[in-house]
Amino acid sequence: MDDDRDARGDEDRASESDDTGVVNVHSGDARLLVQAGSVSGGVHVHVPPESAVPRELLAAPPHFVDRVGAVAALDAVESGFAVISGIGGVGKTALAAHWGNAVRERFPGGDVFCPREVSRLGLDAVVRRCLWSLGERDVPADPGTALALFRSRTARDPVLVVVDDAADPAEFLDLRTGSGMVLVTTNERAEELIGDGAVPVALELLAHEDALEYLRRCGVEVDEEPAAVAELIRLCGRLPLALRVVAGRLNHRRRRQVQRLVEELAEERTRLDRMVLRKEPVVRVALDFVFDDLPEAESELYQVLGLFPGEDFCPEAVAVLAELTVRDATDRLDDLHDIGLLTQDDRQQYRFHALIRAHAQAHAALLSADHRADALRRLVDWYRLHGAYCDRKVMEPSRLRIADDDVSGENPYTEVTALEWLERERLNLLAVLRISYDRGWYEDVIALCDGPLWALHQQHKHYADTVRAFRLGVEAAQRARLSAAEARLRSLCAQLLVESGDPVAAEEESAGACRIAERAGHRRVLASALEFHGKVRAARGEHAEAIGLFERAAELNAGMGRPRGVALQEYLIGRSLHRLGRDDEALHSLRGALDRLTAFPDDRRTPARISTAIGRIHLARGEHEQALAALEPAIASVRGRGASFDLAEPLVLLADALTALGRPGARPLLEEALTIYDQAGSAEAERVRQRLTD
């Protein structure tokens, strides 16, 4: 008789008495027990071989970082069922191995690891794998019987079962026992299983600091090229698997510079192909697994999203791109978000993780050329239409637009929501403009420049991006041989260059615009070109010449019956007259412009600018109370429009007036103006900063 005690040293005692009064006592935890009054004859006792306790967990990852919250959540699991979710390569299996090895003593019955090739076969395959690992060689064919046997085998000694890369974590809820733990890793978020007792643990990308620490632990000299390392982390999307790959490449060739690797990975189209570990593109493979698991509807959307030229996208734009209703687009975007392929911000904007975007683009390239062209054509049309709507809400509807889009029907935007849309979609507008140029859709490039991008520039300044876009617009007009459009966009470029501190280049653009407009015979574009050329001359201090150009532009506008155009020239003339010291004439011209603009109630911007110019003149004349009377309403008007850049100048002037009157409040006004100028990259920022220092 064999009497084996288990490792915990528990003692079980049992006794029984027969009619003779003999008491049989046994102690310990016997695997096989025979009790008899006497034994005779050929008795054979067969003892089955003792099964080893399975220890199948992967080794704990040596360079594990962060995940403090996730580990704490797993430590606190009481239900016996937890689900680790996240995108491929985010470290789900690594977390399971890290945690499982750290708490191994909690599971004296062992730990069983079921890899993807088992988990994808379903619950029955996982149960059979577990029983085999636990020493059962005669596994019942009936799935229900096999599951019952598994529960019996794990009822007393807790066992940790890790089901890796499951398609549907809910399928494995039946593995729960009273004492053990089931840990499932999956792409799918598991919040919907909370009611079933599951504990969801969602993994996000590493924070930058944790990604840096991971590279450091992997042996990368992160302090030698800090800027290059930061860019490398960005290119890897802070995805642990990608970071592991680049660390391996850097360590394989110790002399390899981080900057060189950054340059290799800079091209988004080929980045995944360069992330190779032991000759296998492991990041692409991990994402391919996720893509292959997608339902058909989500798979099709994922592929089409690879065409989207910008980084953030709203459901409305996606619906147009993919030919879906907005509701269907939203539902499918949410599904991709739940799987971890997309992130979402509080503005209901979605975006790909950095590396996933490259993966989606590769799949989008597999679509037919006609499919890609049609989808992008719909998207460009949508941005052009909504950009035109917003342009007409934030600027005077009758202003010059060289590509005058038909926006008949009710405008769905208010002035506030239009400006919000323009700011939110700015980078997408730039991306759509670029894709339009690349595809030879030059009229769309022109319309986007002269429409929504110019309207946004009048409210909020983003000089570098806008100058590049408008130079592309000039090239588009040249390629399309649209002379009037070229003149118009050259004029707008000139204004941008003046504002960003390059009057010499601005002079070349504005003078060229006037010559082209004269040859084109387009009177309205010529009047505009003369106006912008006059602004350039004024910026160079040539105010008499500027006034001559403004007066000629005013004559053209009057001849075309455009009183608003005349009022704009009167405003500009008034500013230059002030610079020449002719303040009475300047005030007369400015007030005439204000009177003329009362016929244009939708134009709220120009009257505020005129009032600012009037305030400047009164301030220069020492008429500080009159300056306040002009500036305060102007500031209130600009704030009411939600504009930013137009606010800076009157804020500085109001600060000057308050200082001259000995009243408090000047410093906060200057600080606000400095913030606006800094954000815009304006040369005025340094002047205001010096004022604050003095």
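Which residue in strand 7 is the bridge partner of V83? To find out, keep in mind that the model on your screen is a predicted one, and begin the tour by selecting V83 together with strand 7, where the bridge partner turns out to be P200.

**First stop: strand 3 and its neighbours**

Now widen the selection to strand 3, residues 81-85, which is mostly covered, since five of its five residues are buried. If you look along this strand, you will see F81, V83 and S85 pointing one way while A82 and I84 point the other way, and all of them are buried. Next, add strand 7, residues 199-202, which runs parallel to strand 3 and is joined to it by four bridges. Then add strand 6, residues 181-186, which also runs parallel to strand 3 and is joined to it by five bridges; within this pairing, A82 stands opposite L183 of strand 6. As background for what you are viewing, strands of a sheet pair through backbone hydrogen bonds, and they may do so in parallel or antiparallel fashion.

**Second stop: an open sheet of three strands**

For an antiparallel case, select strands 8, 10 and 9, which form an open sheet in that order. Strand 8 (312-313) and strand 9 (342-344) stand at the edges, and because each has a single partner strand, one side of each is left without a neighbour in the sheet. Strand 10, residues 350-352, runs antiparallel to strand 9, and three bridges join the two. To see one such pairing, select L342 and look across to F352, its bridge partner in strand 10.

**Third stop: a salt bridge beside this sheet's residues**

Stay with strand 10 and select R351, which forms a salt bridge with E311, the closest N and O atoms being 3.3 Å apart. This pair links distant parts of the chain, for E311 lies in the loop between helix 12 (296-305) and strand 8, whereas R351 lies in strand 10, 40 residues apart. Are these two residues buried, partly exposed or exposed? E311 is partly exposed, with a relative accessible area of 49%, and R351 also counts as partly exposed, at 31%. In general terms, side chains of opposite charge can pair when their charged atoms come close.

**Fourth stop: further salt bridges**

The count of salt bridges in this model comes to 60, so a few examples must serve here. Select R377 and D444, whose side chains meet in a salt bridge of 3.0 Å, N to O. Here too the pair links distant parts of the chain, with R377 in helix 16 (residues 369-394) and D444 in helix 19 (residues 442-457), 67 residues apart. R377 counts as partly exposed at 24% relative accessibility, whereas D444 counts as buried at 5%. Then move to D646 and R641, which form a salt bridge with their closest N and O atoms 3.2 Å apart, and note that both residues are buried. After that, select D391, R392, R399, R401, D450 and R488 together, as salt bridges that share partners join them into one network.

**Last stop: a negative patch on the surface**

Finally, turn on the surface and select D168, E171, E188, E192, D196, D328, D331, D335 and D338, which form a negative surface patch. Within it, D331 belongs to helix 14, residues 326-339, and counts as partly exposed at 41% relative accessibility. E192, by contrast, is found in the loop between strand 6 and strand 7, and it is exposed, with a relative accessible area of 71%.

Note on methods:
Residues are numbered from 1 along each chain as its sequence is written. This is a predicted model: local features need pLDDT of at least 70, side-chain atom pairs count only at pLDDT 80 or more; totals for chains, interfaces and linings use all residues. Side-chain values use heavy atoms; hydrogens and water are left out. Two strands pair if DSSP finds at least two bridges between them. Buried means under 20% relative accessible area, exposed over 50%, partly exposed in between (1.4 Å probe, protein chains only). Patches are made of residues with over 30% relative accessible area and no salt bridge: like charges are joined within 9 Å, nonpolar side chains (Val, Leu, Ile, Met, Phe, Trp, Tyr) within 5 Å. Accessible areas come from the Shrake-Rupley method with a 1.4 Å probe; for residues, only the protein chains shown count as cover. A salt bridge is a side-chain nitrogen of Lys or Arg within 4 Å of a carboxyl oxygen of Asp or Glu. Lys and Arg count as positive and Asp and Glu as negative; His and the chain ends are not counted. The place of a charge is taken as NZ of Lys, CZ of Arg, CG of Asp or CD of Glu.
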